[in-house]
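User: Hello! I am new to this structure and would love a guided close look at one part of it.

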Amino acid sequence: MPEQRPASLAAMSDLRTPWCIHVVATLRIADHIAAGTTDVAGLAEWAMCDAAALHRVLTHLASQGVFVETTPGEFALNDLSRELIEPSLRIGLDLDAIGGRMAHAWGTLLTYVRTGRPAYQELFGRPFWEDLDAHPDVAASFDALIGPIGHGIPNASFEIADGWEAVSTVVDVGGGTGALLGELLRLRPHLRGTLVDLPRTVGRSSDIFRASGVTERVLTVGQSFFDPLPSGADVYLLKSVLNDWPDREATALLARCAEAARPGGGRVVVLSGVSEEERARGVEIESVLCGGHHRTLPQFRELARAAKLEVSSAGQQESGYFVVECRAGRS
């Protein structure tokens, strides 16, 4: 295929604009303008920052098409800057929350490329998951980012082999604050579910389950999913979890699912993080943060076998998911 050339390599490598966007998102400048404060002095007072420095940042962003400087020192929103008011975008830009961790983590990319291992701990003092445990506010923003605020209501319309009719119990392993499980139970009233994630995360699930109307049909278990899982369920669901972990940890998680699955009938269902064949993929934030990565189906089969699982079906669905199902393999 023909080579695609950027308009300007210098422009693409200039970090000024993305950092300015992060800063104004963190300071909620678009919100203040929308509320009626348009002059730099007033904006700086609301945001508790230096007016001259803020003016330079906003003037640069206006020159790039973000905001409009109507007169010197007066700013208005345009279509692009209005997006900064949307929680789904802002949460990933906020330097005081998980957005700051992700933004700064890109500074460790050179070490990651040289070694193939994340260097997050060199910058923040701990590996990514331990850092979240040590900073509850950042962890809460991460839960929000991967939950409905950041990603909207998840699509739970995927199918499984032989249909859902014979399934009565589902364990959502690493299911965050429960958005997918809540929607799955809402669509299929005969199901009962269990959400497994860290205590601080499942503790934020009650509002989601209440909004889905499934509170009476769901249990929450606050624990590491590397510890033994609740046993005997029909389906163990892993959505966008395995791609957060290197092979060793991903295999250990699959092994926990395998030992917990209902004997003779339990299965492990994987959504996202696996594709049928190799295709070009750019570097993704989970690789830089924690060493996780997307896997092809052949690569996943190897992990599954190491965890004593066998892939029983796999394929792309109209739901948009590539769904992989596993059952207990050799002992």
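How many positive and how many negative side chains does the chain have, and how far apart do the centres of the two sets lie? After that, please take me through the largest nonpolar core.

Analyst: Happy to help! Please keep in mind that this is a predicted model. The charges come out as 30 positive and 42 negative side chains, with 6 Å between the centres of the two sets.

Now some background for the core. The chain contains 19 helices and eleven strands, and its C-alpha trace spans about 70 × 45 × 40 Å along the principal axes. Of its 331 residues, 46% are buried. If we take contacts between residues at least 6 apart in sequence, 63% of them join residues at least 24 apart.

In soluble globular proteins, nonpolar side chains tend to be buried together. Here the largest nonpolar core has 31 residues, and those touching the most other members are V173, Y236, L238, L254, V268, F300 and V324. Several elements each supply at least two residues of this core: the strands β3 (169-173), β6 (235-239), β7 (267-271), β10 (309-316) and β11 (322-328), together with the helices α17 (247-260) and α19 (297-306). Helix α17 gives the largest share, with six residues.

Y236 is a good place to zoom in. Leaving out residues up to four places away in sequence, Y236 touches V171, V173, P230, S231, C257, A260, A261, R262, R267, V268 and V269. A second, separate core has 22 residues, including V167, L185, L191 and L237.

Helix α17 deserves another glance, since T251 is found there. T251 has 17% relative accessibility, so it counts as buried. Beyond its neighbours within four places in sequence, T251 is in contact with L303, A306 and A307.

Finally, look at the aromatic rings, which form eleven pairs in the structure. Y120 and F128 make an edge-to-face pair, because their ring centres are 5.4 Å apart and their planes stand at 90°. Y120 is buried at 1% relative accessibility, and F128 is buried at 2%. F158 and Y321 are also edge-to-face, with centres 5.8 Å apart and planes at 90°. F158 sits in the loop between α13 (148-151) and β3, while Y321 sits in the loop between β10 and β11, so this pair ties together parts 163 residues apart in sequence. F158 counts as buried at 0% relative accessibility, and Y321 counts as buried at 9%.

Notes
Residues are numbered from 1 along each chain as its sequence is written. This is a predicted model: local features need pLDDT of at least 70, side-chain atom pairs count only at pLDDT 80 or more; totals for chains, interfaces and linings use all residues. Side-chain values use heavy atoms; hydrogens and water are left out. A nonpolar core is a set of buried Ala, Val, Leu, Ile, Met, Phe, Trp, Tyr and Cys residues joined through side-chain atoms within 4.5 Å. Buried means under 20% relative accessible area, exposed over 50%, partly exposed in between (1.4 Å probe, protein chains only). Helices (H or I, at least four residues) and strands (E, at least two) are DSSP runs, numbered from the N terminus. Contact means heavy atoms within 4.5 Å. Lys and Arg count as positive and Asp and Glu as negative; His and the chain ends are not counted. The place of a charge is taken as NZ of Lys, CZ of Arg, CG of Asp or CD of Glu. Rings of Phe, Tyr and Trp (its six-membered ring) pair if their centres lie within 6.5 Å; planes under 30 degrees apart count as stacked, over 60 as edge-to-face and the rest as tilted.
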